[in-house]
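Hi,

Here is the structure I promised to pass on. Have a look first, and my notes follow below.

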Amino acid sequence: MRFPPITATGSDRRNLRLHSTSVIGLLLVAGAALGTAFVLAPAALLEPAFGAYNNDATRQDALGRALVEYWRSGTTAFPADLTTLVDYWFQWHAIKVVISTASVVVFALLATALWRRYLRVRPWYAVVATAATVSTVLATGVLLLNIQATAVPLVALLPLLPGRTTDGQLAQTVSEMRDGLAASASPHAGSPALTALLGEVERYHWVTVAVAATLMVAAALASVHVWKRRAGGDLSARVRFMHSTLGVITALTACLLLLMAVASALSALDPATWLLGVIGS
């Protein structure tokens, strides 16, 4: 017995369009799910291997002890505890890179769908379309920060050091690090651990420069393209508004990324000042 082929009707095809209500609903659900996963997934996935580090206090204590051991080792090689922490923090942010990348894609699709909805249905969709566009930019910023932390997890760990500590060994280690950073004549300035840390700080910020500069160029080109589209042709008021909004958002994004790239380049050129600011002046 032969069955007739299953084909989509014209109505079905319309329902599957990107700007359809069902697709927009699915994208909203996906965005919410990714937001939840961003917060909960790293700890859940790393629980079997690194469960103890999922507690903030335990992680801070472990980092303090590992830093003391590293400082006193007299070598550039990471001790076992610090290696484990760095591996944990690498995996933590690698998971977030994956989720952030998916979030950028989902928010970009959602913004596209809502702008199409604005052009075809009601003008109030411009508000939610703008919000989705801004969310795409924010998700891209989060992705950038997680790429940076994944590339150089040791430096990303340093801000987790407690500002005040009752651990005398950690306090002494941080004090000696500050002395080595503040004065080139200090006996601690030539510490192998400090030299290695400064190299990691440089790499940390050059990664940011590379990623931010790439995204800046992309945002600038997108802005130019949108403004050209707005200037050419006989466009409706809604289309002009959409192009103007997208042009402003992409231009501001390019400016912010330029500032980030410049700030990161300055930090890479003077890693001692940045590291001194992180461990406390």
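R65 is partly exposed, at a relative accessible area of 45% (buried is under 20%, exposed over 50%, partly exposed in between, with a 1.4 Å probe and protein chains only). Its partner in a salt bridge is D61, with the closest N and O atoms 3.1 Å apart; the term means a side-chain nitrogen of Lys or Arg within 4 Å of a carboxyl oxygen of Asp or Glu. D61 is partly exposed too, at 42%. The two sit four residues apart in helix α3, about one turn of the helix (helices are DSSP runs of H or I, at least four residues, numbered from the N terminus).

Before going on: this is a predicted model, where local features need pLDDT of at least 70 and side-chain atom pairs count only at pLDDT 80 or more, while totals for chains, interfaces and linings use all residues. Residues are numbered from 1 along each chain as its sequence is written, and side-chain values use heavy atoms, leaving out hydrogens and water.

The structure has three salt bridges. Another one in α3 joins D56 and R59, at 2.5 Å between the closest N and O atoms, and R59 is buried at 8% relative accessible area. Over in α8, E200 and R203 lie three residues apart and their side chains meet at 3.3 Å, N to O. E200 is buried at 17%, whereas R203 is partly exposed at 40%.

Happy to chat once you've had a look.

Cheers
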